[in-house]
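User: I've got a model here and I'd like to go through the labels people put on it. Can you take me through the reasoning behind each one?

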Amino acid sequence: MKQFIVLMGVLPILIIFMLQMGLDQKNSQITSIIQASVYAAKEDAKQEGCFTNEIKEKLKNEITRLTGITSEKINIETDSKVKYRYSNGEERLIYYKITVKIDELMAANNIYGISDEDNRYNYVIDSYTASEKI
């Protein structure tokens with residue numbers, strides 16, 4: 001009987017650890033999908049000389065389709081000026097910053113006293129790429 005009582009006390013904690021491992025895998029997959037989608041959009045932008053509205057919309061749609069994250073949670077900041085390959089210095093670099101709000105960082109957050117508002121994070125890719133537009 002004593003072992004059963006101890007099991008009932010320990011079992012919820014073990015279940016939470018298993019849920020957290022699954023959530024970590026899910027979040028890792030989401031960030032990998034975002035990275036791959038941003039990489040593909042960056043390659044398109046290199047050819048165009050900037051992130052066009054079509055490239056931005058395609059990126060948002062791709063992230064939404066593959067992860068289920070709504071487009072309202074995706075923010076894309078880029079240079080709107082076309083950059084050219086043979087420009088000097090930073091006139092050749094295309095700036096981009098993609099921010100995706102991801103919910104659920106911790107499984108069973110209410111048990112730990114973490115509010116739903118605090119259980120979110122922004123995944124940010126902030127970088128430059130060199131233009132290949134001639």
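User: What makes β1 and β2 a pair of strands?

Analyst: The bar is at least two bridges. This is a predicted model, and in it five bridges join β1 (residues 74-78) to β2, so the two count as paired. They run antiparallel, and one of the matches puts Ile74 opposite Val100 in β2.

User: And how do you know that β2 and β3 pair?

Analyst: Again at least two bridges are needed, and β2 and β3 have 11, in the antiparallel sense. Lys97 stands opposite Asp126 in β3, for instance.

User: Which aromatic rings count as pairs, and why is the one with Phe51 called tilted?

Analyst: The structure holds two aromatic pairs. In one of them, the ring centres of Phe51 and Tyr96 are 5.4 Å apart, and the limit for a pair is 6.5 Å, so they qualify. Their planes sit at 45°; stacked would need under 30 degrees and edge-to-face over 60, so tilted is what remains. The pair links distant parts of the chain, with Phe51 in the loop between α1 and α2 (53-67) and Tyr96 in strand β2 (residues 93-103), 45 residues apart. Both Phe51 and Tyr96 are buried.

User: Why is the pair of Tyr95 and Tyr128 called tilted?

Analyst: Here the planes are at 55°, which is not over 60 and not under 30 degrees, so this pair is tilted. The centres are 5.2 Å apart, which is within 6.5 Å. Tyr95 is in β2 and Tyr128 in β3 (residues 120-130), 33 residues apart.

User: What makes Tyr128 partly exposed?

Analyst: Its relative accessibility is 48%. Buried means under 20% and exposed over 50%, so Tyr128 falls in between.

User: OK, over to the helix. How do you know that α1 reaches about what its residue count predicts?

Analyst: α1 (residues 2-48) has 47 residues and spans 70 Å from its first C-alpha to its last. At 1.5 Å a residue you'd expect 69 Å, and the value is close to that. There's still a bend of about 30° at Val10, with Pro12 following within four residues. Just after α1, Gly49 takes a positive phi of about 95°.

User: Why is Thr31 called buried?

Analyst: Thr31, in helix α1, has a relative accessible area of 15%, and the cut-off for buried is under 20%, so the label holds. Leaving out residues up to four places away in sequence, Thr31 touches Ile102, Tyr121 and Tyr123. Ile102 is 71 residues away in sequence, yet the C-alpha atoms are 9.3 Å apart.

User: What makes the link from Thr31 to Ser28 a polar contact?

Analyst: The Thr31 side chain reaches the backbone oxygen of Ser28 at 2.9 Å, and the limit is 3.5 Å, so the distance fits.

User: And Gln20: why is that one buried, and which residues does it touch?

Analyst: Gln20 also lies in α1. Its relative accessibility is 14%, and under 20% means buried. Not counting residues up to four places away in sequence, Gln20 touches Leu105, Met106 and Ala107. Its side chain reaches the backbone oxygen of Leu105 at 3.3 Å, and a polar atom of that side chain lies 2.7 Å from the backbone nitrogen of Ala107.

User: Last one: what makes Asn109 buried?

Analyst: Asn109 comes in at 8% relative accessible area, against a limit of under 20%, so buried it is. Asn109 lies in the loop between β2 and β3, touching Ile114, Ser115, Asp116 and Asn119, again not counting residues up to four places away in sequence.

Terms used: Residues numbered from 1 in each chain as written. Predicted model: local features only at pLDDT ≥ 70, side-chain atom pairs only at ≥ 80, totals over all residues. Heavy atoms only, no water. Expected span 1.5 Å × (residues − 1). Bend = angle between axes of the 7 residues up to and from the residue. Phe/Tyr/Trp six-rings, centres within 6.5 Å; stacked < 30°, edge-to-face > 60°. Buried < 20%, exposed > 50% of the residue type's maximum accessible area, 1.4 Å probe, protein only. Contact = heavy atoms within 4.5 Å. Polar contact = N/O pair within 3.5 Å; in protein donor to acceptor, adjacent residues only side chain to side chain.
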